[in-house]
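Reader: Please take me through this structure one feature at a time. For each, give the general idea and then the case at hand.

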Amino acid sequence: MKTINRRNFLKQGGVVLAASALPMSLIEVAFGKSSEQNFTFAFISDSHITHIKGNEFVRNWDQGLIRAVAEANLLDPRPDFVMYGGDIAQLGKPEEIDHGLEILSGLRDKAYYVMGEHDYYVDLGEYWRKQLGPDHYSFDHKGVHFVVLNSILTWEKWMHKKWDTGMDRMKQMARLDNPDGQPFMVGDAQRKWLKDDLAKVSKDTPVVVMSHSPLQKIYKGWNFWTEDAEQVQALLKPFKKVTVLYGHVHQIQYNQVGNISFSAAMATAWPWPYPSTYSQKESLLPKLTVEMNRADPFFERDATGWQFIDMATGDVAVNYQLTDNRNRTVAFSDKAGKPVDAQFQDKANRIPPQTHY
Ligand SMILES: [Fe+2]
Ligand SMILES: [Fe+2]
């Protein structure tokens, strides 16, 4: 029997909302009506732990992660594990990574980690890997093949050019709209690794891919982008069902490209605006994404919330509970042949995004 259904989730979520919205995702993977293989895992992302000096850290970002860990520990039924979607740190300092990992060590369940650009560019991921191991790997869990990629690499020449300090390189990549930033990519070596890894997996096996940047091209100016997204998607195409979960964008995004469902996780730190509302430029935000309302800058948790991703149907259904916004569900519609947000798909019913100047 399914252990979680939407009603249970919403009931559970009601309690959560009473305690204010928390930046958490819960993902259910299910194979059928009575499969004992069904399981859930939690997804926490983008904490951006920021060191001030000595043992002082920016409190808001600490609190977001502390609350997500506390909530993950209260989940019932227990998730089998927790995925962390990247950007533990703001500037990749050892103090920030250590402090974030200290908070995350409070998790009751095993955690798997994804590399974010804010963890990486100061020392090309050396300290992160020392603490957490390889930045790309795969594992099997109850019949599902999980792949973790480091999608925030960029041109070798740029990464390895002569920098005065690693922090100079980090500051180029840590800014959201720096014209001197470089596009993210998975890169040749890792794509070769992915190809070999997937060659051992039957095409019927559900595949879940975790990356930090979206493995689709949304807005290059902010690196809501992976340069070799099409090549990665081509490697995933032969599989019956693939789900890509990612962090980095700090906002709700979803998309369906053939057999691949994409869902972004919200951040525990802060929400980003949608690129189109900020830059006033055309962006490739997936048509299926209905933008969440923009944040109230005086409430640091606004526009973050819960999402419950249900993989039980074979196609992803996502339930959202957002602060200062209406609950919504995005579910695959057989009629439309794609995920549909029944309540918000109609433009007239959407909450229009704010215009930023
Ligand atoms: Fe981030
Ligand atoms: Fe990021």
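Author: Start with a hairpin: β11 and β12 form one, with two residues between them, and G258 in the turn has a positive phi of about 55 degrees. Helices (H or I, at least four residues) and strands (E, at least two) are DSSP runs, numbered from the N terminus. This is a predicted model: local features need pLDDT of at least 70 and side-chain atom pairs count only at pLDDT 80 or more, while totals for chains, interfaces and linings use all residues. Residues are numbered from 1 along each chain as its sequence is written, chains are lettered from A and ligands numbered from 1 in the order in which they are written, and side-chain values use heavy atoms, with hydrogens and water left out.

Reader: How many bridges join β11 to β12, and do the two strands run parallel or antiparallel?

Author: Strands of a sheet pair through backbone hydrogen bonds, either parallel or antiparallel. Two strands count as paired if DSSP finds at least two bridges between them. Here β11 (residues 254–257) and β12 (residues 260–264) run antiparallel and are joined by four bridges. To trace them, look for N255 opposite its bridge partner F262, and for Q256 opposite S261.

Reader: In which sheet order do these strands sit?

Author: The sheet is open and has six strands in the order β7-β8-β9-β10-β12-β11, with mixed pairing. β7 (137–141) and β11 stand at the edges with a single partner strand each, so one side of each has no neighbour in the sheet. From one strand to the next the twist averages 20 degrees.

Reader: Which strands does α8 lie across?

Author: Contact means heavy atoms within 4.5 Å. Axes are lines fitted to C-alpha atoms, for helices over the stretch in contact, and angles run from 0 to 180 degrees between N-to-C directions. α8 lies across β7, β8 (144–148) and β9 (207–211), at about 170 degrees to β8. Helix α9 (residues 229–236) lies across β9, β10 (242–246), β11 and β12, and runs at about 130 degrees to β12.

Reader: How far apart are the end C-alpha atoms of helix α2?

Author: The expected span of a helix is 1.5 Å times one less than its number of residues. Helix α2 (residues 59–74) has 16 residues and should therefore span 22 Å; its end C-alpha atoms are 23 Å apart, which agrees. Its buried residues include W61, L65, A68 and A72. Buried means under 20% relative accessible area, exposed over 50%, and partly exposed in between (1.4 Å probe, protein chains only).

Reader: Is H48 buried or exposed?

Author: H48 counts as buried because its relative accessibility is 1%. Its place is in the loop between β2 (39–44) and β3 (51–53). Leaving aside neighbours within four places in sequence, its contacts include W61, D87, H118, H250 and W270. A second loop residue is S213, between β9 and α9. S213 has 0% relative accessibility and therefore counts as buried. Its C-alpha atom is 6.0 Å from that of S151, although the two are 62 residues apart along the chain. Not counting residues up to four places away in sequence, S213 also touches F184, W225 and H248, among others.

Reader: How many salt bridges does the count come to?

Author: Side chains of opposite charge can pair when their charged atoms come close. The rule used is a side-chain nitrogen of Lys or Arg within 4 Å of a carboxyl oxygen of Asp or Glu, and the count comes to nine salt bridges. One of them joins R191 to D188 at 3.0 Å, N to O.

Reader: Why are R191 and D188 separated by about one helical turn?

Author: An α-helix has 3.6 residues a turn, so residues three or four places apart point the same way. R191 and D188 are three residues apart in helix α8 (residues 188–199), which means about one helical turn between them. R191 is buried at 13% relative accessibility, whereas D188 is exposed at 60%. D188, R191 and D228 are linked in a network of salt bridges.

Reader: What is the closest N and O distance in the salt bridge of K53 with E56?

Author: It is 3.3 Å. K53 is exposed, with a relative accessible area of 52%, and E56 is partly exposed at 37%. Elsewhere, K220 and E227 meet at 3.6 Å, N to O.
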